[in-house]
Amino acid sequence: NECLIDNGGCAQNAICINKVVSRECRCKTGFNGDGINCVSSTICQINNGNCSLNAICSISNGIRICTCKTGFIGNGITCSDLNE
């Protein structure tokens, strides 16, 4: 029973489902991802997901991604104007 130990390696916000020879991870309702990584589906709606105000917040495979907007450079958490 793979799900008994540490939720089967699934994310904290995922449900572990035992299969015949393995397990399946599914994000709980309200979370997006692949079951190994699950992030709140509303994370980008609150404070831009803690990304820079000059960044776009998105979710990909259960991971929040911050991408600087056009004209800005940085890691998405901090973005600097290219013209300054």
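How exposed is arginine 26, in terms of relative accessibility? At 46%, arginine 26 falls in the partly exposed class, because that class sits between the buried limit of 20% and the exposed limit of 50%. Keep in mind that this is a predicted model.

## Salt bridges around Glu24

Let's start with the charged side chains. The count of salt bridges comes to two, and Lys19, Glu24 and Arg26 are linked by them in a network.

Glutamate 24 takes part in both pairings. With arginine 26, its side chain makes a salt bridge at 2.7 Å, N to O. With lysine 19, glutamate 24 makes a salt bridge whose closest N and O atoms are 3.1 Å apart. Each of these distances is within 4 Å, so each pair passes the salt-bridge cut-off.

## How accessible the partners are

So where does the rest of the network stand on accessibility, buried or exposed? Neither, as it turns out: glutamate 24 has a relative accessible area of 24% and is partly exposed, and lysine 19 is partly exposed too, at 41%. Because 24% is not under 20%, glutamate 24 does not count as buried.

## The β5–β6 hairpin

Now for some backbone. Strand β5 covers residues 55-60 and strand β6 covers residues 63-68. The two run antiparallel and pair over six bridges. Within that pairing, alanine 55 sits opposite cysteine 68 of β6.

Together β5 and β6 make a hairpin, with two residues between the strands. One residue to look at in the turn is asparagine 61, which has a positive phi of about 50 degrees.

How values were computed. Residues are numbered from 1 along each chain as its sequence is written. This is a predicted model: local features need pLDDT of at least 70, side-chain atom pairs count only at pLDDT 80 or more; totals for chains, interfaces and linings use all residues. Side-chain values use heavy atoms; hydrogens and water are left out. Buried means under 20% relative accessible area, exposed over 50%, partly exposed in between (1.4 Å probe, protein chains only). Two strands pair if DSSP finds at least two bridges between them. Helices (H or I, at least four residues) and strands (E, at least two) are DSSP runs, numbered from the N terminus.
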